[in-house]
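This report introduces a protein chain to a reader who has not met it before. The sequence and the structure are shown first, and the description follows.

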Amino acid sequence: MKSLNVIGCGRVGQTLAALFHQQGQVRVQDLYSRSFSSAQQAAQFVKAGEPVAELAQMRASDVWLLSVPDAQVADAAQALCHAHGAKLAGAIVFHNSGFLSASVLQPLRDLGCHVASAHPVLNFASPHTGVRQFAGTPCGLEGDAPALAWLHTALAALGGRCFEIASADKPLYHAAAVFCSNFTVVLQGLAQDAWHSAGVPPELLRPLTEALLTSTVNNVLAMGPAQALTGPAARGDASVVQAQGQVVAQWHAPAGEVYALLSQLAAELKQRT
């Protein structure tokens with residue numbers, strides 16, 4: 001059974017640590033966060049692992065997970081090198097960024113570590129939902145062969161569906177995930193604000209959102225985006241698109257720009273049918 005140390009105790013780090021512990025083939029050992037209280041809370045959620053206050057206090061481990069924001073991955077790698085140096089040789093070190101490749105961990109590779117990135121394509125709204133929803137989650141992998149071999153096996157045991165992606169393609173791959181998930185949430189926020197401004201009763205906002213989202217997702221999955229697309233731009237109602245776009249721009253200027261661009265893309269998408 002390999003040991004696992006986790007650096008970064010946010011939603012993804014807690015989710016994976018909890019799943020590894022529950023699955024039983026990985027021993028969660030030490031948990032570190034810049035806030036010691038966060039590491040303590042993570043240990044309570046995971047029900048395993050020892051929270052530590054300093055990076056240097058972490059024990060030697062077979063596997064290290066750097067589950068920190070993208071802007072902190074390089075610094076975390078350097079800090080790990082500084083704290084543990086040559087003792088890391090032979091360890092597997094991976095991060096969860098969908099945008100960054102394993103090359104950001106080059107200082108650890110230079111010490112003899114096998115490095116990789118593993119990006120679970122899931123909306124980690126909370127560790128609790130992450131644990132419940134992880135089974136069947138696609139996981140994009142890239143990096144060194146020994147690290148990839150372990151990640152394929154370990155994540156598949158958690159219910160992940162692993163696939164490999166070229167390092168150079170990660171930025172576009174991750175942008176696709178942003179369009180698919182993150183921007184969908186932003187658009188729902190805009191829709192609810194517009195409904196509210198248009199006088200829709202507050203108690204109907206959830207039913208409206210649920211009805212449209214559910215049917216849209218079901219149709220996209222069943223027929224594909226081009227066939228599932230409806231609305232004035234898809235029908236070629238240019239006069240409606242123009243008039244409605246002006247109303248949206250008066251209500252919220254940036255939303256008006258988004259409306260115009262998405263209407264253009266919608267018309268182009270519909271032409272594929």
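## Surroundings of F45

Leaving aside neighbours within four places in sequence, F45 is in contact with Q14, A18, P127, H128 and V131. The model in which these contacts appear is a predicted one. F45 is found in helix α2, which covers residues 36–46. With a relative accessible area of 18%, F45 counts as buried, because the limit for that class is under 20%. A175 lies 130 residues from F45 in sequence, and the C-alpha atoms of F45 and A175 are 31 Å apart in space.

Helix α2 is followed by a loop that leads to strand β3 (50–52), and K47 is found in this loop. The phi angle of K47 is near 65°, a positive value in a residue other than glycine. K47 counts as exposed, at 65% relative accessibility.

## The chain as a whole

The chain has 273 residues, of which 40% count as buried. Its secondary structure comes to twelve helices and eight strands. Taken along the principal axes, the box filled by the C-alpha atoms is roughly 70 × 40 × 30 Å. Among contacts between residues at least 6 apart in sequence, 58% join residues at least 24 apart.

The chain exposes about 14,500 Å², and carbon and sulfur atoms supply 58% of this area. Its charged side chains are 15 positive and 17 negative, and the centres of the two sets lie 7 Å apart.

## Strand β4 and its partners

Strand β4 consists of residues 63–66. In a regular strand the side chains alternate between the two faces of the sheet. Both faces of β4 are covered: V63 and L65 are buried on one side, and W64 and L66 are buried on the other.

Two strands pair with β4. Strand β1 (residues 2–7) runs parallel to β4 and is joined to it by four bridges. Strand β5 (residues 92–95) also pairs with β4 in the parallel sense, over four bridges. W64 takes part in both pairings: its bridge partner in β1 is N5, and W64 stands opposite V93 in β5.

The loop between β3 and β4 contains S61. S61 is buried, with a relative accessible area of 11%. Not counting residues up to four places away in sequence, S61 touches S3, L4, N5, Q29 and A91. N5, one of these contacts, is also the residue that bridges to W64.

## Cysteines

How many disulfides does the chain contain? The count comes to zero. The sulfur of C9 is 19 Å from the closest cysteine sulfur, in C113, and is therefore too far away for a bond. C162 is likewise in no disulfide; the nearest cysteine sulfur, that of C139, is 4.9 Å away. A disulfide requires two cysteine sulfur atoms within 2.5 Å, so C162 and C139 do not form one.

## Accessibility of selected residues

The table gathers the relative accessibility of residues from the sections above, together with the values for two cysteines.

| Residue | Relative accessible area | Class |
|---|---|---|
| C9 | 8% | buried |
| S61 | 11% | buried |
| F45 | 18% | buried |
| C162 | 22% | partly exposed |
| K47 | 65% | exposed |

C162 is partly exposed because its 22% is not under the 20% that defines a buried residue and not over the 50% that defines an exposed one.

Definitions and conventions
Residues are numbered from 1 along each chain as its sequence is written. This is a predicted model: local features need pLDDT of at least 70, side-chain atom pairs count only at pLDDT 80 or more; totals for chains, interfaces and linings use all residues. Side-chain values use heavy atoms; hydrogens and water are left out. Buried means under 20% relative accessible area, exposed over 50%, partly exposed in between (1.4 Å probe, protein chains only). Contact means heavy atoms within 4.5 Å. Accessible areas come from the Shrake-Rupley method with a 1.4 Å probe; for residues, only the protein chains shown count as cover. Lys and Arg count as positive and Asp and Glu as negative; His and the chain ends are not counted. The place of a charge is taken as NZ of Lys, CZ of Arg, CG of Asp or CD of Glu. Two strands pair if DSSP finds at least two bridges between them.
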